[in-house]
Every structure is written in C-alpha cells, then in structure tokens.
Amino acid sequence: MNQTRQHIPPSCMDDQDSESLPVDEAIERVCTQIEPVVSYEQVALRSALGRILTEDIYSQIDVPGHTNSAMDGFAIRGADIPTDGQRTLTIIGTAWAGRPYKGHVGSGECARIMTGAPLPAGTDTVVILEHAEVEGDVIRISAENQPGQNVRAAGEDIARGDLVLRAGQRLLPAQLGLLASLGIGEVKVRRRLRVAFFSTGDELCSVGEPLMEGGVYDSNRYTLHGMLIRLGADTIDMGVVRDEPEALEQALLQAADCADAIITSGGVSMGEADFVKASLSRLGEVGFWKIAVKPGRPFAFGQIKDAWFFGLPGNPVSVMVTFYVLVQPALKRLMGEHDASPLTLRMPCLSKLKKRPGRMEYQRGVMTLNKQGQLVVDKTGPQGSGILTSMAAANCFIVLPMESRSIEPGAEVEVLPFSNLV
C-alpha cells in the first residue's frame with residue numbers, strides 16, 4: 001500500500017531551497033519598489049556631513065579665482081627665459097598671498113612671489129627659489145625653465161557654471177571642503193530617515209538586567225543601532241518584544257506610525273514561536289521571506305502602512321550580513337543616495353573555506369598585506385551564525401557564489417570590505 005509522503009519544507013540548515021530568492025534578485029526586488037523620501041531641509045555646511053543632496057550644485061565662481069603661483073619663487077615673463085646660458089633679472093617688488101603686487105613687471109624684471117599669490121601684471125611664469133641664483137636685488141635664471149611653469153590658472157579647478165556635485169551625492173569631508181571653496185554655507189539635503197527597530201524573543205535580556213536562567217543578552221539592537229547611525233539615520237529603539245502575536249502586532253503598528261522603515265531581528269524562521277511573517281501578512285504586505293544566502297536565509301521584506309519592513313534572522317552574524325547585503329542598499333535608496341553599490345575586490349585566500357552549492361555565502365575574513373605587498377584574505381575563525389567574535393575580528397566578507405564549492409588555499413576569491421561601514 002502506497003502512502004503519500006508528507007512534504008517537509010527545507011530548513012535553515014539545508015543549502016538547496018527552490019523557494020529562496022537569489023541574493024541579486026532579492027536586492028533588485030527591494031530597490032525597485034522603494035522610492036526616496038521627498039522631504040528636504042536646508043542645513044548649514046557644518047551640519048551636512050553624511051547627508052544626501054537633493055539638488056545639483058553649480059559653481060558661481062572660478063576656483064581658483066585668479067591666476068596664481070603654485071610655488072614660492074619669482075614671477076617673470078616667459079619671454080625672458082634664455083634659450084641658452086643665463087639671464088639676469090631685476091627684483092622690483094613682492095607678491096604675497098592676499099596682498100598682490102600692484103605694479104607691472106616689464107622685460108628684464110621680476111617680482112618675488114609666494115604660493116597662492118596672484119601673478120603680477122606682465123608675468124606668466126614662476127621660477128622656483130631653487131632654480132634662481134639670488135644676489136641682492138637681482139636673480140639669474142637659466143634655460144632649464146619653461147614658459148608658463150608653476151602657475152595655476154583662474155578656473156583651473158572649477159570654472160564658473162560648472163556642475164560640481166549632483167543630487168543624490170552623500171556629503172563626505174571632501175565634498176564639504178569643495179562646497180566651502182565655492183563660498184556655499186548652506187545646502188539642501190533630504191531629511192534623515194526614521195528607522196524603528198526591535199528584537200523579538202522571550203529569551204532576550206536587555207543590557208543592565210540580570211541574566212535569567214536560559215536567557216541571553218540582546219546584542220542585535222546594539223549592532224543595528226551602530227550600523228544605522230553610521231548610515232546617517234535617526235533611530236527609534238523599541239527594545240525587546242516578547243513572543244506573543246498581540247505584542248508583536250502592537251509593536252509593528254506603533255513602529256509603522258512613526259518610522260519610514262522597520263527592522264526586526266528574530267521570529268522569521270519556521271519555529272512555533274516565530275510570528276513575524278504571519279503578523280506581516282495580517283497588517284500589510286509580504287514581498288518575500290526567504291533568500292538563498294548563508295548566514296541569513298529567513299528574511300522577510302514587505303510593507304506596513306507607509307513603512308518598509310525588514311525582518312532579519314535572530315542570529316547575531318545573520319543580522320549583520322542581511323543588513324549589509326539587503327537592508328543597507330534599500331535604506332540608501334530610501335535616503336535618495338544615487339550610488340549604493342558596494343566595492344568588491346579579488347585576492348588570494350590563505351585558508352581553506354568549506355562550502356556546499358545552493359546558497360551565496362558571506363564568510364568573515366580579514367584582509368592584510370603579505371610580505372610582497374599583495375592584498376590577501378584569511379578567514380577569521382569559526383563561521384557559525386551566532387559567533388560574533390569572528391565577526392568582530394573581521395574587516396571584510398569573503399563572498400562565495402551560489403553554486404561554488406569549497407575553496408582551497410591560494411584560490412582567488414571575491415572580497416567585500418566593510419570595516420568602515422558596518
């Protein structure tokens with residue numbers, strides 16, 4: 001007698017799962033649905049670090065604003081450079097940065113000039129101090145000099161009307177300096193994202209509480225807080241929510257009323273107390289809830305009211321991997337940042353890496369320079385999804401494609417640096 005075999009869905013331990021989305025497809029689904037926030041604010045330049053521009057910036061001035069000297073030396077007429085031998089020129093004045101020489105330099109004359117000082121009228125060339133023989137009020141120059149040397153032309157860096165920064169640019173220190181060089185003291189930027197987050201689980205204790213029997217301290221809220229602050233979001237920490245459907249739904253609705261995005265950790269797998277997917281279905285829309293990644297397969301994406309929802313796994317390393325791979329690009333898109341693509345490198349791997357086909361893996365690694373000055377990567381230790389020590393020792397992910405197998409020492413691998421991001 002034949003019996004119908006009951007279908008058992010793949011577990012988080014299985015590498016093959018036809019219901020799990022490939023990582024690239026999951027990222028595309030997320031980022032094509034999300035549109036940037038439309039609100040903006042005008043902020044002072046000193047308050048604009050890390051913010052996202054909402055409009056293109058055009059220069060209203062030339063930078064530099066005048067033709068000036070790139071070196072300390074003597075401003076001369078290029079035509080006075082001898083074709084061979086030496087020529088003597090008379091020093092008739094000095095040009096300082098901020099105090100230009102007002103006179104005219106004629107043939108056979110020169111003016112001392114400091115770096116940044118405007119070239120005096122009649123001159124077009126600067127001879128550096130080391131290439132001039134000075135005796136009293138005269139100098140001798142040789143044919144080794146070239147007309148036009150050591151001069152920075154007006155508008156050489158930026159010309160009036162040039163597009164200097166595009167909307168969607170994240171403002172870093174170099175961009176702040178660039179804006180300051182144009183005399184711009186305020187910029188229009190997108191408002192900060194409001195991101196609410198909480199952890200789920202009866203076993204979780206907050207830092208500062210006594211550790212109950214069978215309990216663990218909640219580390220996920222601290223890593224999420226750190227990653228969100230680095231990203232430039234305003235955070236709303238809602239603490240720990242117990243494994244009760246009513247409590248979970250109340251927290252989700254509260255978060256949706258005050259945030260642009262909601263991030264939870266835990267409760268998205270297939271355990272009896274994992275209520276996140278069901279609650280998301282009742283309160284909003286489920287986009288997908290499993291991705292072919294290790295660590296971090298259980299991952300819910302959807303929407304509650306006007307807030308985007310990201311349900312992360314409960315294991316600490318899975319939280320960081322899924323945040324970096326999926327949540328961070330989505331939040332950057334929501335912020336209006338036009339370039340959210342991470343930089344990847346290829347380099348030899350020093351260690352053997354175990355892997356089975358079926359999921360893209362993000363193993364923790366540390367990049368270093370070997371004795372030959374070549375970048376190499378090594379794994380940082382045990383790769384279990386709950387082992388934060390190997391994550392804390394890492395400065396990159398070693399990215400192994402879905403269908404790849406174990407990696408032998410010396411093989412070239414793709415590396416995703418993250419030390420300054422997560």
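1. A residue counts as buried here when its relative accessible area is under 20%. With that in hand, a friendly word of caution before the details: this is a predicted model. By the burial cut-off, both Asp218 and Arg221 are buried, and their side chains meet in a salt bridge with an N to O distance of 2.9 Å.

2. Asp218 and Arg221 belong to a wider set, as the structure holds 15 salt bridges. One that deserves a look in your viewer is Glu41 with Arg51, where the closest N and O atoms are 2.3 Å apart. This pair links distant parts of the chain: Glu41 sits in strand 1 (residues 40–44), while Arg51 is in the loop between strand 1 and strand 2 (57–58), 10 residues apart. The two partners also differ in their surroundings, since Glu41 is partly exposed at a relative accessible area of 33%, whereas Arg51 counts as buried at 6%.

3. Another bridge joins Asp260 and Arg191, with 2.7 Å between the closest N and O atoms. Asp260 lies in the loop between helix 4 (245–258) and strand 17 (261–265), and Arg191 in the loop between strand 12 (186–190) and strand 13 (194–200), so the pair ties together parts that are 69 residues apart in sequence. Asp260 is buried, and Arg191 is buried as well. If you like networks, there is one to inspect too: salt bridges link Glu133, Glu135 and Arg140.

4. Now for the aromatic side chains. How many aromatic pairs does a search of the whole structure find? The search gives 7. One of them is Phe288 with Phe301, a tilted pair with 5.5 Å from centre to centre and 35° between the planes. Phe288 comes from strand 18 (residues 285–290) and Phe301 from strand 20 (residues 298–304), so to speak a link between distant parts of the chain, 13 residues apart. Both Phe288 and Phe301 are buried.

5. Phe301 has a further partner: with Phe310 it forms a tilted aromatic pair, 5.6 Å centre to centre and 40° between the planes. Phe301 counts as buried at 1% relative accessibility, and Phe310 is buried at 1% too. These residues are part of one aromatic cluster, made up of Phe288, Phe299, Phe301, Trp308 and Phe310. For those who care about charges over rings, Lys290 lies over the face of Trp289, at 5.3 Å from the ring centre.

6. On the surface, Val207, Leu211, Tyr217 and Tyr222 make a nonpolar patch of about 410 Å². Tyr222 is located in helix 3 (residues 220–231). Why can Tyr222 be a patch member? Patch residues need over 30% relative accessible area, and Tyr222 qualifies on that count because its value is 46%, which makes it partly exposed.

7. The cysteines are quickly dealt with: the count of disulfides is 0. Why does Cys396 form no disulfide? Its sulfur is 9.1 Å from the closest cysteine sulfur, in Cys349, and that is too far for a bond, given that a disulfide needs the two sulfur atoms within 2.5 Å. Cys396 is buried, with a relative accessible area of 0%, and Cys110 is likewise buried at 0%.

8. A few backbone details may interest you when you check geometry. Most residues other than glycine have a negative phi, and most peptide bonds are trans. Against that background, the peptide bond from Val63 to Pro64 is cis, with omega near -5°; Pro64 is placed in the loop between strand 2 and strand 3 (68–69). Lys294 and Pro295 are also joined by a cis peptide bond, with omega about 0°, and Pro295 sits in the loop between strand 19 (293–294) and strand 20.

9. As for phi, Asn150 is not a glycine but has a positive value of about 60°. Asn150 lies in the loop between strand 9 (138–142) and strand 10 (151–152) and is partly exposed, at 26% relative accessibility. Lys305 has a positive phi as well, near 55°. Its place is the loop between strand 20 and strand 21 (307–312), and at 48% relative accessibility Lys305 counts as partly exposed.

10. Last, a loop residue: Ile407 lies between strand 25 (396–400) and strand 26 (412–417). Is Ile407 buried or exposed? Ile407 is buried, at 13% relative accessibility. Its C-alpha atom is separated by 12 Å from that of Gln363, a residue 44 positions away along the chain.

Key: Residues are numbered from 1 along each chain as its sequence is written. This is a predicted model: local features need pLDDT of at least 70, side-chain atom pairs count only at pLDDT 80 or more; totals for chains, interfaces and linings use all residues. Side-chain values use heavy atoms; hydrogens and water are left out. Patches are made of residues with over 30% relative accessible area and no salt bridge: like charges are joined within 9 Å, nonpolar side chains (Val, Leu, Ile, Met, Phe, Trp, Tyr) within 5 Å. Accessible areas come from the Shrake-Rupley method with a 1.4 Å probe; for residues, only the protein chains shown count as cover. A salt bridge is a side-chain nitrogen of Lys or Arg within 4 Å of a carboxyl oxygen of Asp or Glu. Helices (H or I, at least four residues) and strands (E, at least two) are DSSP runs, numbered from the N terminus. Buried means under 20% relative accessible area, exposed over 50%, partly exposed in between (1.4 Å probe, protein chains only). Rings of Phe, Tyr and Trp (its six-membered ring) pair if their centres lie within 6.5 Å; planes under 30 degrees apart count as stacked, over 60 as edge-to-face and the rest as tilted. A charge sits over a ring if NZ of Lys or CZ of Arg is within 6 Å of the ring centre and within 35 degrees of the ring normal.
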